[in-house]
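Me: Could you walk me through this model, one question at a time?

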Amino acid sequence: MVPILEIQSLNKSFGGLHVTANVSFSVMPGELSAIIGPNGAGKTTLFNQITGHLRSDSGRIRFNNQDILGISPQKIVALGVGRAFQIASIFPDETVLDNVRIACLSKRGETGKYLRAVDAFTEATDDARAILESLGLSDQTQRLAFELAHGDQKLLDIGIALALRPNLLLLDEPTAGMSPEERLHTKELILKLWKEFNLALIFIEHDMDMVFGIAQTVRVLQQGALLAEGNPEQIRANKEVITAYLGEDF
Amino acid sequence: MTNNAARRINATALWGIVLLIFALVPVFTTSAYKINVASHILVWGLFAVSFNMLWGITGMLSFGQALYYGLGAYSVGLMVEHMGSGWFLPAIALGLVMAIALSFLLGLLVIRVGGVYFTMLTLAFAQLAWQITFKWYDFTGGDDGIQGIIPPGILENRAAYYYFVLVLVFLSIWMLKRMAYSPFGMILRCVQQNPDRVRFLGRRVRRNQLRVYVVSSFFAALAGGLMAGVDSSIHTDMFFWTTSGEAILMSVLGGINQFFGPFIGAAVFILIEDSIGARTEFWPLIIGSIMLIMVILFPKGIVGEVLRLKARFGKNDARR
């Protein structure tokens with residue numbers, strides 16, 4: 001099988017700081033994987049490089065057998081890479097429905113329509129409602145996005161990403177700032193969405209219950225470099241990972 | 001769904017009532033002055049609403065929409081002056097075409113900078129046009145402006161020209177309203193709220209900013225062109241920063257977050273100017289005080305505050 005995402009010898013420095021140091025790995029279609037590592041290990045930077053928000057210094061990124069290094073974020077999205085952010089990136093003054101609907105409209109290439117009311121686009125609207133249903137936000141569709149609870153805003157962010165029907169979805173700390181209860185819920189929800197939307201999913205997390213609970217593959221970053229890669233059991237037993245990140249008592 | 005249908009009927013009824021009120025003005029008064037005031041409300045209303053597509057909806061505060069307003073007006077004034085009144089309507093069309101071309105070219109430049117730099121750059125270009133018009137006496141009439149711009153044929157009749165303005169303004173505002181609630185308008189609001197996320201929907205922020213800049217400038221030029229016939233004259237002030245500034249004041253007064261805010265703001269502004277200006281030459285002082293009170297106590301503007309009250313006392317959600 002051909003990997004959906006192939007990263008080869010990727011580098012990025014800010015001044016003298018090597019934030020991505022010769023990172024290489026491949027992600028298979030339909031894979032559910034996690035990236036872990038201490039703060040400042042370069043996890044979010046790596047996401048930014050994949051999605052074209054940051055220019056890489058050297059290396060190669062291939063998505064669906066196509067080089068995407070140096071391509072604009074807009075084009076990378078169009079190719080099928082979706083992303084939700086560490087701090088929910090939503091449209092605060094729009095309704096929950098419209099937040100997802102605008103993404104559905106964009107996916108369908110209907111945002112260039114000038115004179116038709118948004119409500120008249122029934123397919124995009126139905127699509128948005130279905131996604132909100134999957135996220136469990138159906139009862140809040142008419143609320144303004146900024147009124148939502150923190151956890152729900154993060155789900156809405158994921159909803160916007162899903163509406164673009166990505167083949168690869170990147171989630172940056174989906175449970176950051178959530179209560180233990182919300183975390184449990186989010187963990188199950190992400191597993192459900194991964195199956196339902198049939199996509200490759202990579203998430204950055206600090207919640208080890210979630211990482212070792214649902215990820216098929218775990219990659220550990222430390223000081224910009226890939227320290228270890230393997231299934232949860234292998235990572236859990238890895239001496240280097242234990243000293244660098246997990247700690248002896250894990 | 002029934003709620004939606006009811007809202008649609010309400011909206012249609014409101015459009016009908018407002019249209020009827022404006023349509024009846026020449027029936028109830030033969031005073032040329034009152035028809036003139038009503039025309040001013042319509043034309044300034046269109047100018048302010050088109051301006052607010054930039055500011056309230058997309059978050060781009062242009063301080064230079066007078067450039068296009070003046071362009072529309074001078075296109076009509078100069079052609080009628082130099083080529084005859086038969087060129088009145090083609091001149092309006094020419095002004096619109098020039099506004100599209102100029103706003104596209106300038107837009108490529110000014111949208112590259114954001115925030116206050118965009119505001120200052122738009123101001124600079126409008127002031128440049130004002131200077132040229134002011135100094136180029138032989139062609140533009142300098143600060144004398146041009147008088148005696150009479151529309152041709154049946155439009156020479158005051159009431160006929162008034163209805164001509166009424167129809168064009170209503171059609172334009174109707175189109176802008178459709179635009180504001182279309183997917184395009186939604187992208188514009190998203191551009192204001194979270195441009196980074198818009199990029200991540202696969203949409204280009206600057207391209208959409210350029211589009212709305214051209215749209216806004218087009219309707220500003222239409223307002224200017226119509227005004228040349230309303231007052232039968234043009235003057236360099238139409239390019240001056242105060243003209244851009246008045247559109248901003250009207251929008252703030254009515255409420256920039258509601259589509260019709262700027263139109264209501266324009267109406268109130270002009271009625272105050274008209275009623276107080278008749279008694280004292282210090283009417284700008286009154287407008288200034290009202291603006292101060294509005295900004296400090298009622299930042300949502302007239303329409304915004306009314307909707308807030310309606311939402312508080314009515315059970316219906318008055319968000320949109």
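**Helices, fold and interface**

Me: How far apart are the end C-alpha atoms of helix α7 (residues 158-180) of chain B?

Reply: Helices here are DSSP runs of H or I with at least four residues, strands are E runs of at least two, and both are numbered from the N terminus. The expected span is 1.5 Å times one less than the number of residues, so the 23 residues of α7 of chain B should cover 33 Å. The prediction agrees, with the end C-alpha atoms at 32 Å.

Me: Thanks! Before we go on, what are the ground rules?

Reply: Happy to help: this is a predicted model, where local features need pLDDT of at least 70, side-chain atom pairs count only at pLDDT 80 or more, and totals for chains, interfaces and linings use all residues. Residues are numbered from 1 along each chain as its sequence is written, while chains are lettered from A and ligands numbered from 1 in the order in which they are written.

Me: Which residues of α7(B) are buried?

Reply: A residue is buried if 20 or more other C-beta atoms, placed from the backbone, lie within 10 Å of its own; 12 or fewer make it exposed, and in between it is partly exposed. By that count the buried residues are B:Tyr161, B:Tyr162, B:Val165, B:Val169, B:Ser172, B:Ile173, B:Leu176 and B:Met179.

Me: How many residues of α3(B) are buried?

Reply: This helix, residues 66-83 of chain B, has 18 residues that should span 26 Å, and its end C-alpha atoms agree at 25 Å apart. B:Gly84 follows α3(B) and has a positive phi, near 110°. The helix is mostly covered, its buried residues numbering 16 of 18.

Me: What radius of gyration does chain B have?

Reply: Chain B holds 14 helices and two strands, and its C-alpha atoms fill a box of roughly 55 × 50 × 40 Å along the principal axes. Taken over C-alpha atoms, the globule rule is 2.2 Å times the number of residues to the power 0.38. For 320 residues, a compact globule would come near 20 Å, and chain B agrees at 20 Å.

Me: Which helix supplies the largest share of the side of chain A that touches chain B?

Reply: Counting contacts as C-beta atoms, placed from the backbone, within 7 Å, 27 residues of chain A meet 21 residues of chain B. On the chain A side, α2 (73-79) and α3 (96-107) each supply at least two residues. The largest share, five residues, belongs to α3(A).

How values were computed. Two residues are in contact if their C-beta atoms, placed from the backbone, lie within 7 Å.
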